[in-house]
Amino acid sequence: MHEWSIAYSVVKTLTDNFDKKVLKVTLVLPQFSFLDLEILKEAFDELKKENKVTQDAELKIKIAEPIFKCRNCGKEFKLSDVEKQLNEVRSQYGEEYPLHLMPELFPAFLKCPYCGSHDIEAKGQEIYIESVEVEESGAVTRTS
Amino acid sequence: MEPLRELAKEKLRGKKVIAVMSAKGGVGKSVISALISLSLPSSATLIDLDIHTMGIAKLFGIENVSFEVSKEGIEPAKIKNVNLISLAGVVRDRYVILPGRNQYNVMKELIAYSNIKTDYVVFDLPPGLGDEILVLEELTDYKPIIITTPSKVSIKVVKYLIDYLYEKNKKPIMVVNMSYFTCGSEKVKPFGSYEGDVNLPIDPNIEEFIGKIQNYEGEVKKVIEKELIPLL
């Protein structure tokens, strides 16, 4: 159900920042949030009808594979290196597990597979709009 | 573009936002935040921005509970007129250790992804002058309530926060907690004398209400209702 909040945030961001018709929006999501993309798209398609800016917008989703870096030992690792840890969190909490609801909680739940430190950072863990295409006098303008 | 920030701003738009803050820890912010929320004339959303110790959940006795999630976001726990939002409802009774940047973003996520529908929103801030103040400033115009005790250390530390708020053209309401107790007809001030906009009494009975603060109707709440709420 959390997907509806994210869909709403995208529609809201578009209506606040554009006055021309949005044709396409590309949203980047962190992989470990494991959002249900079908629900997210369904929610977006429902919410976009509420205004002229987004009513014809197509939602494109890109999944970012995060690269983690441990600030203690300096080693880099991928999601696959901490998959077991992630699965434990999911099995403990169920469908609405903390990293699904709030991806920024990852250092509290994942630790460096080499030294065990929680002082880790990740590239590609944020939810952000990568680009927007708007209709302008018949032409299409791309905004990044 | 940051959809998260837009969503968090939207959740607070048009609402009366109150921030209970102090540069000093251990002065009673959480108890006072809870009692202010319980004393407001209509329903209030109380958001615990202390994402590490989550004292508000403990005060209301809702530890180890997972909040429901609906289409409108994380659903607050409803206790009397208070809609309570805490990270405790997401992580349950687990430690939360986070590097600085993640703290800032988790606070924003907590606001953005929660269902906030009330006219009043009360934030209980952790001690210090850090991410919590910067997050609130970016998202909303808030009314600051500064909590101190009459002790000289607390007053000196809190002065930094007052200086900062004045620089931002915000006039805080000063609440001095644990100011006095009444002995016969005399007011005794065991921790020193300092006059704030509101001076709260010491009530040792309040300890009995940790875990059920919603049932507390003692002296501290009475002064909050009578003297602090009209200032908001």
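This talk walks through a predicted two-chain model, from the chain interface to the cysteine site, a small sheet and the salt bridges.

Ground rules first. The model is predicted: local features need pLDDT of at least 70, side-chain atom pairs count only at pLDDT 80 or more, and totals for chains, interfaces and linings use all residues. Residues are numbered from 1 along each chain as its sequence is written, chains are lettered from A and ligands numbered from 1 in written order, and side-chain values use heavy atoms, with hydrogens and water left out.

Let's start with the interface. 36 residues of chain A are in contact with 29 residues of chain B. Contact means heavy atoms within 4.5 Å. The size of an interface is often given as the accessible area lost when the parts come together. Here the area buried between chain A and chain B is about 2,900 Å². That is the accessible area, taken with a 1.4 Å probe, that the two parts lose on being put together, summed over both. Carbon and sulfur atoms give 65% of it.

How many salt bridges cross between chain A and chain B? The rule finds 1. The rule itself: a side-chain nitrogen of Lys or Arg within 4 Å of a carboxyl oxygen of Asp or Glu. The pair is A:Lys12 with B:Glu10, at 3.0 Å from N to O. A:Lys12 sits in helix α1 of chain A, and B:Glu10 in helix α1 of chain B. Helices here are DSSP runs of H or I with at least four residues, strands are runs of E with at least two, and both are numbered from the N terminus. A:Lys12 is buried, at 13% relative accessible area. B:Glu10 is partly exposed, at 23%. The cut-offs: buried is under 20% relative accessible area, exposed is over 50%, and partly exposed is in between, with a 1.4 Å probe and protein chains only. The pair also belongs to a network of salt bridges that links A:Lys12, A:Asp16, B:Glu10 and B:Arg13.

Next, A:His2. An unreviewed UniProt entry lists A:His2 under "binding site". UniProt positions are given in the numbering used here, feature names are shortened, and annotations may be inferred rather than shown by experiment. A:His2 is in the segment before α1 (3-17) of chain A. Buried or exposed? A:His2 counts as buried, because its relative accessibility is 0%. Leaving aside neighbours within four places in sequence, A:His2 is in contact with residues of chain A, including A:Glu96 and A:His100, and with B:Val69 and B:Tyr113 of chain B.

Now the cysteines. The unreviewed UniProt entry also lists A:Cys70, A:Cys73, A:Cys112 and A:Cys115 as "binding site". They span 46 residues in sequence, yet no two of their C-alpha atoms are more than 8.6 Å apart, so they gather at one spot. A:Cys73 is in the loop between β3 and β4 of chain A. A:Cys115 is in the loop between α5 (106-109) and β5. A:Cys73 is partly exposed at 33%; A:Cys115 is partly exposed at 35%. Beyond four places in sequence, A:Cys73 touches A:Cys112, A:Tyr114 and A:Cys115. A:Cys115, on the same basis, contacts A:Cys70, A:Asn72 and A:Cys73.

The strands named there make a sheet. It is open, with 3 strands in the order β4-β3-β5 of chain A, and the pairing is antiparallel. Strands pair if DSSP finds at least two bridges between them. The edge strands are β4 (76-78) and β5 (120-123). Strand β3 (residues 67-70) and β4 pair over 3 bridges. In that pairing, A:Ile67 has A:Lys78 as its bridge partner.

Back to salt bridges. The whole structure has 15 over all chains. Take A:Lys21 and A:Asp56, with closest N and O atoms 2.7 Å apart. A:Lys21 lies in the loop between α1 and β1 (22-30), and A:Asp56 in the loop between α2 (37-47) and β2 (58-64), so the pair ties together parts that are 35 residues apart in sequence. A:Lys21 is partly exposed at 29%, and A:Asp56 is partly exposed at 42%. In chain B, B:Glu195 and B:Lys189 pair at 3.8 Å. B:Glu195 is exposed at 56%, whereas B:Lys189 is partly exposed at 37%.

Last stop: helix α6 (residues 131-139) of chain B. Its buried residues include B:Ile133, B:Val135 and B:Leu136. Among the elements covering them are α1 (3-12), β1 (16-21) and α7 (152-167) of chain B.
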